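Here is a short tour of the interior of one protein chain. Please have a look at the sequence and the 3D view before reading on.

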Amino acid sequence: MTSHPGPIVVLGDVFLDVDVDGHCARYSQDDAPIVDVTDTRYRPGGAGLAARLAAGDVDEVVLIGGFADDHAGHQLRALLEPYVQVVGVPLHGSTICKQRVCADGLCADGAAGERTVVARCDSGDGKVAPGPVPTAVDTALARASGVLVSDYGRGMTSHPEIRALLRTLAHRIPVVWDPHPLGSLPIPDTAIVTPNRGEALRLLDSASTIRDTADLARRWSAHAVAVTLGAEGAYLCGEEFPAGLRVQVPPERRAAAGADICGAGDRFAAAVTVVLAEGESAEPAVRHAVNAAAEFVCHGGASSVAEPEPAAVAAMAATADVVGWR
């Protein structure tokens, strides 16, 4: 871990991700795969995953996100609080949950014995709405040595007060912005914006290529844009890189075909933020982040940080079932 003069702050939308694993050996009469569940594990998603991963790099991480007072919200806090300091903003509605059902066996689109994603089931409607934010948000941001904005389009980055705080911060510390098609525009003077290839190309005209993403840096008034390209690494462009710079994944760090890439973008953005907060410039930050994301995928991706349901939360749910209010 690395020491910084202040914490790395991750600000954004937080989800509960659920990994359901099992075996498929048969299909229902309507040709749906029948999965015999063998294991269910939980992990923070969105900004929660980015904060959890940043906590492996630095001594102090603060997560600012919206949390609902529901069972999934309690699970999220229990998964995060051993690793990061949580500053909650009230969430209107229920916690967003994303459940991936994976199975080996004779699944559709997969060879026999191969682990395949059978389905993803999303639920929840939570969104952060405009209104006063807790004073702890201002306090955490004032102490930050670097900020990662992890935008998933659920209201954190469109909050007027939060945007005003981030605008002030961007003049003195690095602010990294991981965007989303449903999210808000990055604030001016963002150090690096980190869209993936699809997100970048959707924002450009139909004839554009990755080499045209310098236009995005100018459009956003960002110092740089680093487009993540999966197994191909990243493409860095901006003020210091008018011709663009391709950063490749080293051959020894390339994952096997079919590796789980879930969470690689969060790992990349968290690593960029940590290195920029140490005083490094964009190029070494992106080179480090490409290596970190590749290594993360090689070690199982987001599933590698999944855990059983915390015992205290499971006990709370069991009590709720008994008294009839869950």
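What follows covers a buried arginine, a cavity and the nonpolar cores.

Please keep in mind that this is a predicted model.

Let us begin with Arg43, which sits in strand S3, a stretch that spans residues 33–46. Its relative accessibility is 1%, so Arg43 counts as buried, the cut-off being under 20%. The Arg43 side chain is in polar contact with the side chain of Asp19, at 2.9 Å. Beyond its neighbours within four places in sequence, Arg43 touches residues including Phe15, Leu79, Arg100, Cys262 and Val305.

Next comes the empty space. There is one cavity of 30 Å³ or more, and the largest cavity holds about 50 Å³. Its lining includes Asp13, Phe15, Gly66, Arg154 and Met156. By class, six lining residues are nonpolar, two are polar and two are charged.

Now for the nonpolar cores. In soluble globular proteins, nonpolar side chains tend to be buried together. The two cores described here compare as follows.

| Core | Size | Some members |
|---|---|---|
| Largest nonpolar core | 53 residues | Val61, Leu63, Ile192, Phe268, Val272, Val286 |
| Second, separate core | 40 residues | Met156, Leu166, Ile173, Val193 |

The six members named for the largest core are those that touch the most other members. Helix H7 (residues 264–277) gives the most to this core, with nine residues. As for Phe268, its contacts beyond four places in sequence include Thr194, Ala226, Val286 and Ala293.

Finally, Met156 links two of these topics: it lines the largest cavity and belongs to the second core.

Note on methods: Residues are numbered from 1 along each chain as its sequence is written. This is a predicted model: local features need pLDDT of at least 70, side-chain atom pairs count only at pLDDT 80 or more; totals for chains, interfaces and linings use all residues. Side-chain values use heavy atoms; hydrogens and water are left out. Helices (H or I, at least four residues) and strands (E, at least two) are DSSP runs, numbered from the N terminus. Buried means under 20% relative accessible area, exposed over 50%, partly exposed in between (1.4 Å probe, protein chains only). A polar contact is a pair of N or O atoms within 3.5 Å; within protein, one must be able to donate a hydrogen and the other to accept it, and residues adjacent in sequence count only if both atoms are side-chain atoms. Contact means heavy atoms within 4.5 Å. On a 1 Å grid over the protein atoms alone, a cavity is a set of points where a 1.4 Å probe fits but cannot get out, and a pocket is an open set with protein on both sides within 12 Å along at least five of seven lines; lining residues have an atom within 4 Å of a point. Grid points are joined across faces, edges and corners, and a volume is the space filled by probe spheres set on the points. Ala, Val, Leu, Ile, Met, Phe, Trp, Tyr, Cys and Pro count as nonpolar, Asp, Glu, Lys and Arg as charged, and the others, Gly among them, as polar. A nonpolar core is a set of buried Ala, Val, Leu, Ile, Met, Phe, Trp, Tyr and Cys residues joined through side-chain atoms within 4.5 Å.
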